[in-house]
Amino acid sequence: MTSPPAGAREWIRRDLSRDAASPNLRDYDEACARFSWAEARARLTGLPGGALNIAFEAVDRHVPVRGAQVALRWRSRGEARRDVTYRQLAQLTSRFASAVAGLGVKPGEAVFALAGRVPELYVAALGALKGGFVFCPLFSAFGPEPVFARLSRGEGRVLVTTPSLYEKKVRALRERLPALSHVVLVRSGDEARAPLPEGTLDFDALLATGRPDVAAVATRPETPALMHFTSGTTGTPKGALHVHGAVVQHHLTGLYALDLREGDVFWCTADPGWVTGTSYGIISPLTHGVTLLVDEADFDAERWYGLLERERVTVWYTAPTAVRMLMRAGEALPGRFDLSRVRFIASVGEPLNPEAVWWASRALGQPIYDTWWQTETGGIMVANYRAMPVKPGSMGRPMPGVTAAIVTRAGGRVQVSPVPGTVGELALAPGWPSMFTTYLHDEERYRACFVDGWYLSGDLARVDADGYFWFVGRADDVIKSSGHLIGPFEVESALLEHPAVAEAGVIGVPEPVMGELVKAFVALKPGFDDSEALRKELLAHARRRLGPAVAPREVAVLPALPRTRSGKILRRLLKARELGLPEGDLSTLEPPP
Ligand code: ATP
Ligand code: MG
């Protein structure tokens, strides 16, 4: 497969007859037509009396059939490795659940984790769910203030962390966190021999007080299970609450959108500090009884390709920011590795530029399948499926069971756009099981998301005549220039096609005649330097590709674009800096390189 000519909208049709396994979702239209949530739920085991517990579905129910199979395959930053079987994971999580209950923590109270990707984090997450506590992960690179803000807003009762993270980020805050009664430290190496800091417990010692055989608490589908904070791309992060019933969506999307099946080795590169790293880095794959690869180390292109090869990864879920970094590392590098076992590659978090899909087709031997969802939706809502042709740049079609539409707001009402191609807000019909049930301490904001029976996502998109959805931009980021509505994604994607461009962020700058002027910020690939000639060339390239009405009028080169901790380009910050406005909440900003 080669790149299409500039501007072409070609489809990638994959020859599935060469793949060993046929797709889980073979006939999309049929799956949608005969869909029922009751059937989706019946794919899980459930507990007596209609109870449903995420940890039971992810772990315990597998023990009789695959207790000796590896559930978690952990690779440390260094040489250490650890395999945890389903049986061991069931025992460890039971110990955690019963030990925490033994501390006097009540079901419904919040257990937080602030740790890198170590096995204990996974035990704490699943153990908390098993015990009926609400689990909330925190990204380990957060500084003390973001940690404090989340712990206090979420009323954390227990925190699982490490001695060094505790010392750097939590100890000084304890007085301001009256609800936090237990801090549990995961200690390794020399740390384990050092005295425990005052007011903390040792993770292993705590586990030893628990019982390895206690059953999962009989939570109801509507019992709160998870608390996730959004990425803070558009402003202050919001805390979204999710219930145990979400596991139905996690399982179903793992089946259809990620094509998971027995025998798979699955790798989700998102950190469990974010919703993707929990919904798909822990829960969904385990409900399918697959082996989950967990890599403690940070991004490194060679290491990643090496892991795909050595660990025999079959399904890989990653993000556009990682894909752009792999692209930056060059097209020749993946050719040095055997990636033939990788059956399916999917992505989420930001729009996946068409260039990235074409690049993957060449460099990795298959396209990347984009999926769209949000912290609020708890699971995948729109996806490209293995059995369906990919239109590079499209985020795919709604999951069976999910009704999505493009709507416009007017006078406090919304209307579904009847004409394909119209740009409007992406809306979902409530009723899918992983939908958030509130924003923490902000019921009003939660209610404002629902109008005329639709959940409004805040993202703009359009749908084509084949039912494929195309992301246009966040409602806040859309640019109005000389009467045109311009989505930053389209402009950024065109810039990314230029060989010098590694990353692009596009904003609107107020201008008296046009209303807004399109301005682009780019970071360059290795081997390219900023010069007026290059900037002129980029503008000319964009004009050829997009036409003068949509192309940027100005371009600036930055060493790197500002991004959230989860890797998303922060257009609001580019804009604030351009206009000299206050920069807003930067608590989740990635530090500059
Ligand atoms: P905040 O809500 O705090 O501003 P955020 O919206 O980035 O942050 P998340 O819930 O992590 O927080 O991200 C969801 C958003 O990410 C979506 O609403 C969308 O804007 C973007 N996104 C996710 N997947 C895709 C995709 N496949 N294509 C385009 N955008 C995507
Ligand atoms: Mg959001």
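This passage describes the surroundings of ligand 1, the nonpolar cores, and several individual residues in a predicted model.

The shell around ligand 1 comprises 20 residues, of which T230, T233, T234, T375 and K568 come nearest. By class, this shell is made up of 5 nonpolar, 9 polar and 6 charged residues. Polar approaches to the ligand involve both side-chain and backbone atoms of the protein: a polar side-chain atom of T230 is placed 2.6 Å from an oxygen atom of ligand 1, a polar backbone atom of G349 lies 3.2 Å from a nitrogen atom of the ligand, and a backbone N or O atom of P351 is found 3.5 Å from a nitrogen atom of ligand 1. Taken alone, ligand 1 exposes 630 Å², and 95% of that area is buried by the protein. Two elements, strand 14 (369-372) and strand 23 (469-474), give two or more residues to the shell; strand 14 gives the most, with 3 residues.

The largest nonpolar core contains 130 residues, among which F96 and Y317 touch the most other members. Helix 6 (residues 119-130) gives the most to this core, with 8 residues. When neighbours within four places in sequence are left aside, F96 is in contact with V111, V123, A124, G127, A128, V160, F203 and L207. Apart from the largest core lies another, of 25 residues, which includes F142, V170, M227 and F229.

Helix 13 (residues 301-310) has as its buried residues A301, W304, Y305, G306, L307 and L308. An α-helix has 3.6 residues a turn, so residues three or four places apart point the same way. The cover over the buried residues of helix 13 includes strand 1 (70-75), strand 10 (265-268), strand 11 (291-295) and strand 12 (315-318), together with helix 14 (320-328) and helix 15 (354-363). Helix 13 is followed by R312, for which phi is positive, near 55°.

L308, one of the buried residues of helix 13, offers a point of reference for S340, since the two are 32 residues apart in sequence and 9.5 Å apart in space, C-alpha to C-alpha. S340 itself is located in the loop between helix 14 and strand 13 (344-347). With a relative accessible area of 59%, S340 is classed as exposed because this value is over 50%. The side chain of S340 nevertheless makes a polar contact, at 2.6 Å, with the side chain of D338.

Two further residues, T162 and D202, may be considered in turn. T162 is situated in the loop between strand 5 (156-161) and helix 8 (163-170), and its relative accessible area of 15% is under 20%, so T162 counts as buried. The side chain of T162 reaches the backbone nitrogen of L165 at 3.2 Å, while beyond its neighbours within four places in sequence T162 is in contact with L114, A115, L185 and V186.

D202 belongs to strand 7 (residues 201-202) and is likewise buried, with a relative accessible area of 15%. A polar atom of the D202 side chain lies 3.2 Å from the backbone nitrogen of D204. Leaving aside neighbours within four places in sequence, the contacts of D202 are with V184, L185, R187 and L196. L185 thus appears among the contacts of T162 and among those of D202.

How values were computed: Residues are numbered from 1 along each chain as its sequence is written. Chains are lettered from A and ligands numbered from 1 in the order in which they are written. This is a predicted model: local features need pLDDT of at least 70, side-chain atom pairs count only at pLDDT 80 or more; totals for chains, interfaces and linings use all residues. Side-chain values use heavy atoms; hydrogens and water are left out. Helices (H or I, at least four residues) and strands (E, at least two) are DSSP runs, numbered from the N terminus. Buried means under 20% relative accessible area, exposed over 50%, partly exposed in between (1.4 Å probe, protein chains only). A polar contact is a pair of N or O atoms within 3.5 Å; within protein, one must be able to donate a hydrogen and the other to accept it, and residues adjacent in sequence count only if both atoms are side-chain atoms. Contact means heavy atoms within 4.5 Å. A residue is near a molecule or strand if one of its heavy atoms lies within 4 Å of it. Accessible areas come from the Shrake-Rupley method with a 1.4 Å probe; for residues, only the protein chains shown count as cover. Ala, Val, Leu, Ile, Met, Phe, Trp, Tyr, Cys and Pro count as nonpolar, Asp, Glu, Lys and Arg as charged, and the others, Gly among them, as polar. A nonpolar core is a set of buried Ala, Val, Leu, Ile, Met, Phe, Trp, Tyr and Cys residues joined through side-chain atoms within 4.5 Å.
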